[in-house]
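Visitor: Please pick one part of this model and describe it closely, together with what surrounds it. I would like a single connected account rather than a list.

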Amino acid sequence: MILEEILKNRAGFEEKLRKLIGRPVLLIELDMFALPCGCSGITANMRGLEFDDLEVFEQQVLPLVKEMAENLGVKPTVTFARLVPGSSIVASLNWRTLCPRCYPEFARGAGKMPRPDLYMLVFERRK
Ligand SMILES: [Zn+2]
C-alpha cells in the first residue's frame, strides 16, 4: 500500500516538475526515512534540476512539495533543497519532520540559505 503511493507520487511529482520547468528533470529515487535521533521524512533524489529553477519557479513548486507531503502522510517541519556544494545542482529535495534535538540546529539558521548547501523552501517554526 505504502509502496504503491511512493511509486505513484514519484511519477506524478516528476511529471509535474517537467511540465513546470520545461526540461526532462528526473526524480531518480524517492525515499522515506527514519533516523536514530527521531527525525523522519522524505528524500527525492534529483537529476537535471538547477538552483535557478527553484528560485524562478518557487511559487509553483511549493504547492507540489506540499502535495507530496500530504499524499505520503508526512508533516514536515522543514522542506529544503540540498545543493551540490559549490555548484548550482540540486541533488535532492528533502521533507523532514525534525526531532526536538535537531530542531534548534535548523531554527538557528536565518534566511533562505542557512548553509551553502541548503536552500529552504518551507520552515514551520514552533511557537
Ligand atoms: Zn533529529
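**Strand S3 and its surroundings**

Guide: Val78 stands opposite Phe123 in S5. This is one pairing in a predicted model, and it belongs to S3, the strand of residues 78–83, which pairs with S5 in the antiparallel sense over five bridges. Another position along the same pair of strands is Phe80, whose bridge partner in S5 is Met120.

S3 also pairs with S4, again in the antiparallel sense, here over six bridges. Val78 takes part on this side too, with Arg96 as its bridge partner in S4. Val78 therefore has a bridge partner in S4, namely Arg96, as well as one in S5, namely Phe123. In general terms, strands of a sheet pair through backbone hydrogen bonds, either parallel or antiparallel.

How many residues lie between S3 and S4 in their hairpin? There are six, and Gly86 in the turn has a positive phi of about 75 degrees. Ile89 also lies in the loop between S3 and S4. With 15 other C-beta atoms within 10 Å, Ile89 counts as partly exposed. Apart from neighbours within four places in sequence, the contacts of Ile89 are Glu50, Leu83 and Val84. Between Ile89 and Asp117 there are 9.9 Å in space, C-alpha to C-alpha, and 28 residues in sequence.

The strand itself is a different matter from the loop: five of the six residues of S3 are buried, so S3 is largely enclosed by the rest of the structure. Across the protein, buried residues make up 20% of the 127 residues.

Now to the sheet as a whole. The sheet is open, has five strands in the order S1-S2-S4-S3-S5, and is paired in the antiparallel sense. Its edges are S1 (26–34) and S5 (118–123), each of which pairs on one side only. Averaged over neighbouring strands and with direction ignored, the turn from one strand to the next is 15 degrees. Helix H1, residues 2–21, packs on this sheet, where H1 touches S1 and S2 (40–47) and makes about 140 degrees with the direction of S1.

S3 has a helix across it as well. Helix H3, residues 58–71, lies across S2, S3, S4 (90–97) and S5, and runs at about 50 degrees to S4. H3 in turn packs with H1, at an angle of about 175 degrees and with the two axes 11 Å apart. Since angles over 145 degrees count as roughly antiparallel, H1 is roughly antiparallel to H3. From H1, the residues Glu5, Asn9, Phe13, Lys16, Leu17 and Leu20 meet Gln60, Leu64, Met68 and Asn71 of H3. By type, this contact comprises five nonpolar, three polar and two charged residues.

Last, the setting of all these pieces. The protein has four helices and five strands, and from the N terminus the elements run α-β-β-α-α-β-β-α-β. Of the contacts with a separation of 6 or more, 58% join residues 24 or more positions apart. The C-alpha atoms fill a box of roughly 40 × 40 × 25 Å along the principal axes. The radius of gyration is 14 Å, which agrees with the value near 14 Å for a compact globule of 127 residues.

How values were computed: Residues numbered from 1 in each chain as written. Predicted model: local features only at pLDDT ≥ 70, side-chain atom pairs only at ≥ 80, totals over all residues. Helix = DSSP H or I, 4+ residues; strand = E, 2+ residues; numbered from the N terminus. Rg over C-alpha atoms; globule rule 2.2 N^0.38 Å. Buried ≥ 20, exposed ≤ 12 C-beta atoms within 10 Å, placed from the backbone. Contact = placed C-beta atoms within 7 Å. Pairing = 2+ DSSP bridges. Axes fitted to C-alpha atoms, helices over the stretch in contact; angles between N-to-C directions. Parallel < 35°, antiparallel > 145°, perpendicular 65-115°, else oblique. Nonpolar A, V, L, I, M, F, W, Y, C, P; charged D, E, K, R; others polar.
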